Each structure stands twice: as C-alpha cells, then as structure tokens.
Amino acid sequence: MNNETKNIIEIKNLVKTFDDRSVLDGINLEIPEGEITVIMGGSGCGKSTLLRHLVGLLTPTEGSIMIDGENIVGISENGMNCVRRKFGMLFQGAALFNSLTVGENVALPLREHTDLKDTIIQIIVKVKLELVGLTGFEHFMPHQISGGMKKRVALARAIALDPKIVFYDEPGAGLDPITAAMIDQLILDLSRKLRITSVVVTHEMKSAFRIADKIVILRKGKILETGTGAQIQNSKNSYVQQFISGEPDGAIPLMQTSEAYLKGLLET
Amino acid sequence: MTEFNTSPGKIRGFFGKIGQNTGLFFAGEGRLFDLFKSVVKVFGMALIRKKTVKSEHVFQQIVLMGVESLGIICLVAVAVGMILALQAAYQLKQFGAVLYTGGLVSVSMARELGPLIAAILISGRVGARMAAELGTMKTQEEVDALTTMGLNSVRYLVAPRCLSLIIVLPCLTVISQVMGMVGGFLVGTLGIGIDPYMYVEKNFDALVIKDVYTGIIKSVVFAILIALVSCHEGLSVDGGAEGVGKATTQAVVTSIILIIICDCIATAIFYYALPG
C-alpha cells in the first residue's frame, strides 16, 4: 500500500450496543482513498452494522467516524445529507424503486440534488447505464429485469452523482458466479478508472481476493486482522485460515465436546 | 404451595403487561406526533422552496386515492342514504310526519354520515394501501436507499400522501353527502311515495350551510389522521411479510378508532362552540 495515500474514512473506537448486546466493540479502521477495502466476517459479526454506521443509517453508542474530513457522529440531518452526496450505496437487494423505471431510478438523485435540465439528465442516465453495460434498458420496470441487472442498475444509480466513495453491501449475494464476477469486475473498473474509493462488505472469499486492496476481517464486533489479500492468505490466525478455506471444523468447532455440551445445557 | 407462588406472579405479569402496553401506546403516539411535526416542517419549507413537495407526486396520489375510490364511495353512500330514509320513515310514520324524511336524511348525511363513510372507506382502501406500500419499501431497503441518497423520506414519501389526502377526502366527503341524499330521495319518492318536489324542498329546508362546512372541516382532520397513521405504521415495519401485514391491519384499525374518537370530540365542539 502506498504510504502517501490519504485516508478518506477514519473510524475511531466505534462501539454499538443494542439493548446491552454489544454488536461493534471498539472498531478502529482507516480506509484509504481510491482503493478497494473489503470488510469480511461470518454472519452476525457486525459487518453490515458497521456499513450502516458509515452511511449514517445508525448512530454509534460511542466513537467517531470521519468521512472526507468530517465527523458524521452527532452531525445535523442537513450536514449528513451534504456528506451523503459524496457517496453512493449499493444495497444487498438492489433497493430499486419499483414504481419508477430503470431510467427514472438512475435519474432520481440527479433530479433531486441538481438543477440540471431534463435532456442533460437523460444523457447522464445513458452514460451511467452504459458504464454498467445496460444500454437501452431505460424504459424497463425493475420487475422486468433479472437480479443481476437490478444490481447493475442500483450501481448506476449509486454513481449517478459521481461520488467519491461507493459502499457495497454483499454485491454478489444471490447471484450466479458469472454475474457475481461481472459485478466484481465493475467494482474494479470503477475504482481503477474513476478513482472511486470502494468499501465492500462480503463473505465471499473468491470475490474478496479478486478485488481487494485491503481486507479487514471482523469477528464478534472486533477487528481480527487487517492486511492485503496476500497477507490475509498467509495469516497465522486459525479463525482466518478456517474462514478462508471454508472448513466446517477448526477454530470454531463443528461439534462441541461432550463436556462443553453438558456445561451449555446446565447453564440455560 | 405452588399455586400460592405462581398467582402473585401472574397478577404482576398481568399488570406488568397493561403497563408495558400503555407505555408502548404512548411511545407510538409520541412518534406519530413527531411525524406530524416533520410533515408540518416540510409543508412550511414547501412554502419557501417550490421544489420541496413535487406536484406530480401529489397529482399521482390524488388519482390513486380519489378517482379510483369514487365508485365505492358513491355505492356505499347511496345505500346508507336509502337505509336512513327507510328507517326514518318507519319512525316518522307514527307521528304522521313522513314528509320530514328528506330533512332528516340530508342533515345526518351532511353533518355526520357523509364525512364518516368517506373517512372509514378511505382508511380501509387508501390507508391500508399506504401502509402496505411504505412497509414493503421499508423491508426492501428502499427507504434506506432514499436516506442514503440524502432524500428525506418524510418529504419524499409522507408529505405528498398527506397533501393529496387533505385535498381528496373533503371532495369525496361532499360527493358522499350528496349521494346519500340521492339515495334518500330514491327511497323517499319511489319507495315511500313522497312527492318528489316536496321531498327536495324539505331536504334543503332542513339543511343550513353550517351542516355542510362542519362536515368538510371534520374530513380535513380525518384526512390528516389517516395519512399520518398509515404512513407511520408503514415506516415502522420491522421484519418481512408478517410485519407488513401487521402494519396494514394496525393502520386501518388505529385510523378508524382515531376517526371515531375525533368525530366525537369535533361534534361536541361544534355543538357547544358553534350553536345555532
């Protein structure tokens, strides 16, 4: 990693508790500008919660989050909306508006946040759809296109305002391997060609190693390991190794020992 | 011994549940009031900045809510007018005052039944639709998507729906009042045999302008209630299909209860504060 790279997102001591249950437990993380950072971890490790904090959908119990030099913790709604114009987000289920056509979905942020004329907006929509390989699909309704196409439309919508950062929540979830690889390629292209910072939350190893400049592994609300793809692959940590190889048995045992099972039964 | 131990627990549980539900109810009402404040703020902003609430969204909702509900409102209002005329004639016959059927139908339709029928039908038809629509949007992360795009969901989703219903419901109320009178007229003239000219004369003799405008004022209050309750229920959906179903039912039930309570209060206010 280049030492001169500026960190566009800095998370300091982020803690989130829901009714005494701690989901994020003191996260400290820097995300470098223009690179692809992949946040990984098993189900329920807090990776989606972390992402929701970064886009301002959740407020942390403690800690601070700096996005492009601005602390978004305790910021006003208007201030947060200004910060939000600097990033786009791709949701797990695409989250397209079903009552609007593909073109209108992509045009929505442009119509709401700019005073551009309709003809110019139409051109921008065409360019963005072209970028994700969906030229000519403007007039389709979201229910008329496939899951992979929906994700690509959502990506076109996320980059409509030329954001500095794009957040991806499980971009490959529910897609076939070829479509998932295509989405990965799009993420790579956007990052390399447009210098967009990407933050990807996923649990798919193949995809992570394919695109990541930096990988962060979360476990039980804490950062277990950070490093480049190669560093993570050579990690000595047994959990990381089990996670990478996808073995059912390892640091997290598949079967409990009879003593542990008995203990668990008696405790409840 | 066991019974002695469990029964106080049960009582505590029972009262505890009442306390918990009361707490939840007031928390819910508090959030509803917060939503009301946000909507008022958006309307205030709309007066200053033209682009705040888009007219095309409002017109789209007016068509969905109003035009498509016309048929059902007419049908029910005519039927209620007919029932009212028959029941009134049945009682008035004893005093030889069948002629006054028209007046009774017109006053009750204008003051009470017109606004109430329109509001209850709209809460079932439009309120349920709003709650289900917003609830599904919430479960499919569409509301979150709006938020992350820097678009306020109250401004984008709730305000156009509120405004359209405030425009639509008074119009539907007037139609419901008139159609009720038409129903009464049909039964009065064709069924009971009152002279049509006499029926119409008695119908309008009994009616004063206050009867009509109190009905319309009520309908504005009902419109705000239905829109706020339904949007609030829709936006508070948690979980998937089950949550949406629950929110839809809750939206209709809460709207109808609040409509009737508010109607009661409004009628009392009009009776005591605006006599004559």
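Let's start inside chain A, where strand β7 (residues 165–169) runs parallel to strand β8 (residues 197–202), the two being joined by five bridges. If you want a spot to rest your eye, find Y168(A), which stands opposite V200(A) in β8(A). Keep in mind as you look around that this is a predicted model.

That pair belongs to a wider arrangement. Six strands of chain A form an open sheet, and reading across it the order is β6-β7-β8-β3-β9-β10, with mixed pairing. The edges are β6 (87–90) and β10 (222–227) of chain A, each of which pairs on one side only. From one strand to the next, the twist averages 15°. As a reminder of what holds such an arrangement together, strands of a sheet pair through backbone hydrogen bonds, either parallel or antiparallel.

For the antiparallel kind, turn to strand β1 (residues 7–18) of chain A, which pairs in that sense with strand β4 (residues 62–67) of chain A over five bridges. Here V15(A) stands opposite E62(A) in β4(A). β4(A) also pairs with strand β5 (residues 70–71) of chain A, again in the antiparallel sense, over two bridges. In that pairing, I67(A) has E70(A) in β5(A) as its bridge partner. What lies between these two strands? The hairpin of β4(A) and β5(A) has two residues between the strands, and D68(A) takes a positive phi near 50° there.

Now step over to the helices. Chain A has 10 helices and 10 strands, and α3(A) is a good one to explore. Its buried residues are V102(A), G103(A), N105(A), V106(A), A107(A), L108(A), P109(A) and L110(A). Which helices do they pack against? The buried residues of α3(A) pack against α4 (118–131) and α5 (147–158) of chain A.

The helix α3(A) comes up again when we look at where the two chains meet. The contact takes 13 residues from chain A and 10 residues from chain B. On the chain A side, the elements that give two or more residues are α2 (77–84) and α3 (102–113) of chain A. Of these, α3(A) gives the most, with three residues. Sorted by class, the side of chain A that touches chain B has seven nonpolar, three polar and three charged residues.

Let's zoom out to chain A as a whole. A compact globule with 268 residues would have a radius of gyration near 18 Å, and chain A agrees with this at 20 Å. Taken along the principal axes, the C-alpha atoms of chain A fill a box of roughly 70 × 40 × 40 Å. Buried residues account for 37% of the 268 residues in chain A. Looking at contacts in chain A between residues at least 6 apart in sequence, 65% join residues at least 24 apart.

Finally, a brief visit to chain B. G245(B) is found in helix α9 (residues 241–273) of chain B. Is G245(B) buried, exposed or partly exposed? A residue needs 20 or more C-beta neighbours to be buried and 12 or fewer to be exposed; G245(B) has 14 inside 10 Å, so it counts as partly exposed. To get a feel for distances in this chain, compare G245(B) with Q177(B): they are 68 residues apart in sequence and 32 Å apart in space, C-alpha to C-alpha.

Definitions and conventions:
Residues are numbered from 1 along each chain as its sequence is written. Chains are lettered from A and ligands numbered from 1 in the order in which they are written. This is a predicted model: local features need pLDDT of at least 70, side-chain atom pairs count only at pLDDT 80 or more; totals for chains, interfaces and linings use all residues. Two residues are in contact if their C-beta atoms, placed from the backbone, lie within 7 Å. Helices (H or I, at least four residues) and strands (E, at least two) are DSSP runs, numbered from the N terminus. Ala, Val, Leu, Ile, Met, Phe, Trp, Tyr, Cys and Pro count as nonpolar, Asp, Glu, Lys and Arg as charged, and the others, Gly among them, as polar. The radius of gyration is taken over C-alpha atoms; the globule rule is 2.2 Å times the number of residues to the power 0.38. Two strands pair if DSSP finds at least two bridges between them. Axes are lines fitted to C-alpha atoms, for helices over the stretch in contact, and angles run from 0 to 180 degrees between N-to-C directions.
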